[in-house]
Amino acid sequence: MVYELCTGRHPFDAQNQAALALKIVMGKFQDIPSFYSKDLRWLIQSCLSVDYKRRPSINFLIERPFIIEQANKLNLSLNSNNKNINRV
């Protein structure tokens, strides 16, 4: 979803289902534009990692300084003990 908000397109798109499946399995998607921060680009790329073990957990993400900074700007509380966060 974040990828789509930043690029205006789906991360994986193809002419047919076989080509789409191949792109997903290979993890091939266009780069996020460089005018976005390095942190945001890292976030998107890591969440789209083919290897699920390399994808960050929600608890890992809410501990990242750039996430905390943005949450503070929006007066949001990020608490890893919050039941809603642990459900994700």
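**Helix packing and side-chain contacts in a predicted all-helix chain**

The buried residues of helix H3 pack against three other helices: H1 (2-7), H4 (58-61) and H5 (65-73). In H3 itself, which spans residues 38-47, the buried positions are Leu43, Ile44 and Ser46. The model is predicted.

The protein chain contains 6 helices and 0 strands. From the N terminus, the order of elements is α-α-α-α-α-α. The chain has 88 residues, and 18% of them count as buried. Among contacts with a separation of 6 or more, 33% join residues that lie 24 or more positions apart. The exposed surface of the chain comes to about 7,000 Å². Carbon and sulfur atoms supply 54% of that surface.

Helix H3 also takes part in an aromatic pair with helix H5. Trp42 and Phe66 have ring centres 6.3 Å apart, and their planes stand at 90°, so the pair is edge-to-face. Trp42 belongs to H3 and Phe66 to H5, so this pair ties together parts that are 24 residues apart in sequence. The two partners differ in exposure. Trp42 is partly exposed, at 33% relative accessibility. Phe66 is buried, at 16% relative accessibility, because the cut-off for burial is under 20%.

In total, the structure holds 5 aromatic pairs. One of them joins Phe35 and Tyr36, whose ring centres are 4.7 Å apart with planes at 40°, so the pair is tilted. Phe35 is exposed, with a relative accessible area of 67%. Tyr36 is partly exposed, and its relative accessible area is 22%. Elsewhere, Tyr3, Phe12 and Phe29 form one aromatic cluster.

The loop between H3 and H4 contains Ser49. This serine is buried because its relative accessible area is 16%, and burial is set at under 20%. A polar atom of the Ser49 side chain lies 3.3 Å from the backbone oxygen of Asp51. Ser49 also touches Arg54 and Arg55, when residues up to four places away in sequence are not counted.

Charged side chains contribute 1 salt bridge to the structure. The side chains of Lys73 and Glu69 form this salt bridge, with an N to O distance of 3.7 Å. Both residues lie in helix H5. They are 4 residues apart, about one turn of the helix. An α-helix has 3.6 residues a turn, so residues three or four places apart point the same way. Lys73 is exposed, with a relative accessible area of 56%. Glu69 is partly exposed, at 44% relative accessibility. Helix H5 therefore carries this salt bridge as well as Phe66, the buried partner of Trp42.

On the surface, Leu22, Val25 and Met26 make a nonpolar patch of about 320 Å². Met26 lies in helix H2, which covers residues 17-26.

Taken together, the contacts of H3 run along two routes. Buried residues of H3 pack against H1, H4 and H5. Trp42, partly exposed, pairs edge-to-face with Phe66 of H5.

Terms used
Residues are numbered from 1 along each chain as its sequence is written. This is a predicted model: local features need pLDDT of at least 70, side-chain atom pairs count only at pLDDT 80 or more; totals for chains, interfaces and linings use all residues. Side-chain values use heavy atoms; hydrogens and water are left out. Buried means under 20% relative accessible area, exposed over 50%, partly exposed in between (1.4 Å probe, protein chains only). Contact means heavy atoms within 4.5 Å. Accessible areas come from the Shrake-Rupley method with a 1.4 Å probe; for residues, only the protein chains shown count as cover. A polar contact is a pair of N or O atoms within 3.5 Å; within protein, one must be able to donate a hydrogen and the other to accept it, and residues adjacent in sequence count only if both atoms are side-chain atoms. Patches are made of residues with over 30% relative accessible area and no salt bridge: like charges are joined within 9 Å, nonpolar side chains (Val, Leu, Ile, Met, Phe, Trp, Tyr) within 5 Å. A salt bridge is a side-chain nitrogen of Lys or Arg within 4 Å of a carboxyl oxygen of Asp or Glu. Rings of Phe, Tyr and Trp (its six-membered ring) pair if their centres lie within 6.5 Å; planes under 30 degrees apart count as stacked, over 60 as edge-to-face and the rest as tilted.
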